[in-house]
Amino acid sequence: MPGSLSPGDPFPLGATYDGLGTNFAVFSQVAERVELCLFSEDGTEQRLDLPEVDAYSWHGYAEGVEPGQRYGFRVHGPFDPLSGRRCNPAKLLLDPYAKAVEGHVSWGQAPYGYPLGGDDLGLDPTDSASAMPMCLVTDPAFDWGNDRHPHRPWHETVIYETHVKGISITHPEIPPRLRGTYAGMAHPAVIEHLQALGITAVELMPVHQFVHDHRLVDLGLRNYWGYNSIAFLAPHNDYASRRGHRVVSEFKAMVKALHAADIEVILDVVYNHTAEGNQLGPTLAMRGIDNVSYYRLVDGEPRFYNDTTGTGNSLNMRNPHVLQLLMDSLRYWVTDMHVDGFRFDLAATLARQFHEVDRLSAFFDLIQQDPVVSQVKLIAEPWDVGDGGYQVGNFPPLWSEWNGKYRDTVRDYWREAGTPIGELAERITGSSDLYETTGRRPFASVNFLTCHDGFTLRDLVSYNEKHNEANGEDGRDGTDDNRSWNCGVEGPTDDPAVAELRGRQVRNLLATLLLSQGVPMLLGGDELGRTQAGNNNSYCQDNPVSWFDWEHVDRDLLEWTGALVRFRAAHPVFRRRRFFVGHPAQPATSARHSGLPDIAWFRPDGAEMGQPDWDVGYAKSLGVFLNGRSIAEPDRHGRPVVDSSFYLLFNGWDQELTCALPPAAWASGWSVILDTTTHHPVATGRLRHVAAGGTVQMRGHHFLLLQAGRKPSQTL
């Protein structure tokens with residue numbers, strides 16, 4: 001270890017290895033003195049004062065300190081919780097810019113800056129080093145070879161939300177030592193599954209280093225989801241098969257393998273809060289470094305935290321150093337780790353520059369002008385728990401959004417919850433009412449029916465109520481607004497009629513999702529028929545409740561899902577880059593067009609819908625004509641985009657319905673190519689042909705897709 005530090009450089013922040021030694025720099029506006037703490041293999045601690053401070057960056061250079069070196073900081077400064085200052089040099093602090101972290105928090109008195117059992121105004125002198133994880137110096141070198149960002153266009157994107165551990169922890173084809181790791185995610189067994197499904201992007205649940213909450217650990221549980229970040233530049237160490245700083249190279253190897261399969265990597269990032277919680281939380285990093293700068297404190301009562309996340313604290317988006325940390329983190333994951341985009345958890349909190357949500361806040365301004373971050377995929381979870389926090393449709397033009405209105409509308413439609421037919425029409429055509437006025441396109445809408453938070457798809461059709469007893473909160477946790485329907489029986493059943501209806505409902509939901517305009521997102525495992533036994537808040541279930549079950553795969557459902565994804569990829573009329581206009585995109589004299597509108601809506605009797613039909617509150621059936629020869633936008637090379645025309649039939653009634661097809665002016669005839677009453681995903685062999693103006697019989701809760709002009713002898 002070095003005997004002393006030379007001044008070094010104030011930037012970049014964090015630990016930067018240059019081949020001869022390491023520069024250390026940490027921001028603190030409130031510090032009076034900062035110690036760099038270096039730890040040897042046996043745990044011996046060496047403390048060295050950072051000798052210089054410039055622009056509130058405390059810094060020093062340690063010659064001979066190499067990758068793998070464990071370190072942390074101790075900050076000397078005011079401890080005055082009533083004014084929001086909580087420095088305590090007895091507490092070893094993680095570097096907010098750490099690129100790798102080793103170990104975990106050992107809960108007890110040590111991590112807390114105040115005496116447990118009392119209030120938070122007292123100073124606790126217990127040294128926390130033995131109870132804290134350590135930061136690690138890393139080596140930036142990695143052989144990326146010919147790795148490239150796939151740069152998949154938004155309108156061609158199919159997102160698969162998954163958990164790094166959950167997807168591979170039980171997979172029989174993956175070696176046990178790699179299961180549940182970044183290397184397991186990169187294993188051919190996982191990648192081939194994604195490719196067979198037609199997935200173009202994985203959205204990984206949080207991989208920033210996070211903390212397992214004290215309360216959960218005491219209950220024998222863990223923070224499985226990981227929405228409890230503490231280091232925004234470090235990949236979570238639980239997911240590494242390799243230990244120490246090599247976790248970074250394992251993560252990079254995973255990205256490289258997914259890119260080689262033409263699959264993008266999107267990270268679910270949690271920049272709205274940290275694992276330090278409210279005034280009664282532990283002192284792990286930012287609280288002890290500069291509490292007033294990093295966190296939003298209550299105006300007039302800075303002892304307390306302004307919490308719009310439901311987790312105890314919110315990061316202070318008014319502070320330029322906090323904004324710098326977030327932007328430095330985003331750029332690092334793109335430039336050094338080669339990821340392709342981000343999904344921002346509780347993104348409305350990031351827009352709270354003052355109190356109200358402001359989509360033109362400093363954070364969004366910074367992203368807009370950033371030459372790196374502005375060029376990747378940006379997805380907002382457009383809500384938080386604060387006042388005015390539901391902001392679906394209100395994010396800036398660069399952003400796509402998780403469309404919660406899509407989820408709620410489609411769920412309600414198929415469970416017969418009184419969804420107006422016009423609301424369904426808006427959602428399946430890209431939600432132009434939400435996005436068009438801000439200059440955005442249909443791909444601003446990330447359409448989903450299920451995600452990590454809530455029921456799986458199988459549970460959505462199997463449970464009316466949540467069953468969260470295993471979470472240790474007496475069923476108080478998790479939403480009660482599930483918009484689910486158990487099809488007549490709560491939970492598992494041997495009733496063949498109920499089982500058949502549930503299967504049909506799953507297929508109805510998947511068909512709706514994958515044939516809607518916008519960007520479809522699948523919850524990983526839904527294609528396998530995964531269940532959580534009715535748990536709609538499995539955040540603490542790091543066990544088979546949450547893991548993929550590769551032993552009991554619904555093969556028919558897997559085939560159905562993959563075929564639908566591939567079908568969508570083959571037909572551009574289902575993934576248009578622009579919104580429908582309701583009239584011909586070209587003059588009727590064009591060789592490409594027949595003068596028909598790009599979209600049209602029909603009643604069950606085959607007549608076009610007029611305004612009175614949209615106002616019928618009890619209507620639950622709908623026919624939709626999509627004109628494949630009226631796609632106005634060319635492809636990226638300027639060539640016309642031409643597709644077949646299709647007719648979608650929705651019957652949300654629980655009763656059978658006879659539906660008439662459009663007359664010959666719309667198509668010479670139709671062939672049924674998808675029918676949710678069967679297990680076969682897309683028709684093969686001889687197709688069921690229906691004449692123009694003919695009728696089809698629909699069962700209750702039934703979806704049909706017909707293609708115009710196909711002959712009975714044709715195959716797909």
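**Helix contacts, sheets and hollows in a predicted model**

Reader: Hello! Which residues in H14 meet Tyr406, Val410 and Trp414 in H10?

Author: Happy to help, and please keep in mind that this is a predicted model. Helix H10 covers residues 404-414 and helix H14 covers residues 496-514. Tyr406, Val410 and Trp414 are the H10 side of the contact. On the H14 side, their counterparts are Gln505, Asn508, Leu509, Thr512 and Leu513.

Reader: By class, how many nonpolar, polar and charged residues does the contact of H10 with H14 have?

Author: The residues that meet include Val410 and Leu509 as well as Gln505 and Asn508. Sorted by class, the contact has no charged residues, and the others are 3 polar and 5 nonpolar.

Reader: At roughly what angle do the axes of H10 and H14 cross?

Author: The two axes come within 11 Å of each other. The crossing is right-handed. The angle between the axes is roughly 140 degrees.

Reader: Which strands does H10 lie across?

Author: Besides its contact with H14, H10 lies across strands, running at about 65 degrees to E26. Strand E26 spans residues 646-651, and strand E25 spans residues 621-626. H10 lies across these two and one more, so to speak, in the list E25, E26 and strand E31 (702-708).

Reader: What is the order of the strands in the open sheet of 6 strands?

Author: The pairing in this sheet is antiparallel. Strand E24 (599-602) and strand E29 (688-691) are its edge strands, each pairing on one side only. Neighbouring strands are turned against each other by 25 degrees on average, direction ignored. From one edge to the other, the order is E24-E25-E26-E31-E28-E29.

Reader: Which residue in E26 is the bridge partner of Phe625?

Author: E25 and E26 run antiparallel and are joined by 6 bridges. In E26, the partner of Phe625 is Tyr647.

Reader: Why is one side of E4 and of E10 left without a neighbour in the sheet?

Author: These strands belong to an open, antiparallel sheet of 5 strands in the order E4-E3-E7-E11-E10. Strand E4 (45-49) and strand E10 (101-102) stand at the edges, so one side of each has no neighbour in the sheet, because each has a single partner strand.

Reader: In E4, which residue is the bridge partner of Glu35?

Author: Strand E3 (residues 33-39) pairs with E4 in the antiparallel sense, over 5 bridges. The partner of Glu35 in E4 is Asp49.

Reader: Which helices each supply at least two residues of the lining of the second largest cavity?

Author: This cavity has a volume of about 80 Å³. Its lining includes Trp414, Gln505 and Leu509, and these three residues also take part in the contact between the two helices. By class, the lining has 6 nonpolar, 2 polar and 3 charged residues. The helices that each supply at least two residues are H10 and H14.

Reader: About how much space lies in the largest cavity?

Author: Its lining has 15 residues, and His163, Met205, Leu523, Arg530 and Ser546 lie nearest the centre. By class, the lining has 6 nonpolar, 7 polar and 2 charged residues. The space in this cavity is about 120 Å³.

Reader: Which elements give two or more residues to the lining of the largest pocket?

Author: The largest pocket has a volume of about 1,500 Å³. It is lined by 50 residues, with Trp225, Thr309, Gly310, Thr311 and Asn537 the closest to its centre. The elements that give two or more residues to this lining are helix H4 (214-218) and H10.

Reader: Which helix gives the largest share of the lining of the second largest pocket?

Author: This pocket has a volume of about 650 Å³. Among its 30 lining residues, Arg458, Gly529, Arg530, Thr531 and Asp554 are the closest to the centre. Helix H13 (457-460), H14 and helix H15 (555-570) each supply at least two lining residues. The largest share, 6 residues, comes from H14.

Reader: Which residue is joined to Phe11 by a cis peptide bond?

Author: Most peptide bonds are trans. Here, omega is about 0 degrees. The residue joined to Phe11 is found in the segment before strand E1 (14-17), and its name is Pro12.

Reader: About how many degrees is the positive phi of His151?

Author: His151 lies in the loop between strand E11 (134-136) and strand E12 (159-162). Most residues other than glycine have a negative phi. His151 is not a glycine, yet its phi is positive, at about 50 degrees.

Key. Residues are numbered from 1 along each chain as its sequence is written. This is a predicted model: local features need pLDDT of at least 70, side-chain atom pairs count only at pLDDT 80 or more; totals for chains, interfaces and linings use all residues. Side-chain values use heavy atoms; hydrogens and water are left out. Two strands pair if DSSP finds at least two bridges between them. Helices (H or I, at least four residues) and strands (E, at least two) are DSSP runs, numbered from the N terminus. Axes are lines fitted to C-alpha atoms, for helices over the stretch in contact, and angles run from 0 to 180 degrees between N-to-C directions. A crossing is left-handed if the near helix is turned anticlockwise from the far one by less than a right angle, and right-handed if clockwise. Contact means heavy atoms within 4.5 Å. Ala, Val, Leu, Ile, Met, Phe, Trp, Tyr, Cys and Pro count as nonpolar, Asp, Glu, Lys and Arg as charged, and the others, Gly among them, as polar. On a 1 Å grid over the protein atoms alone, a cavity is a set of points where a 1.4 Å probe fits but cannot get out, and a pocket is an open set with protein on both sides within 12 Å along at least five of seven lines; lining residues have an atom within 4 Å of a point. Grid points are joined across faces, edges and corners, and a volume is the space filled by probe spheres set on the points.
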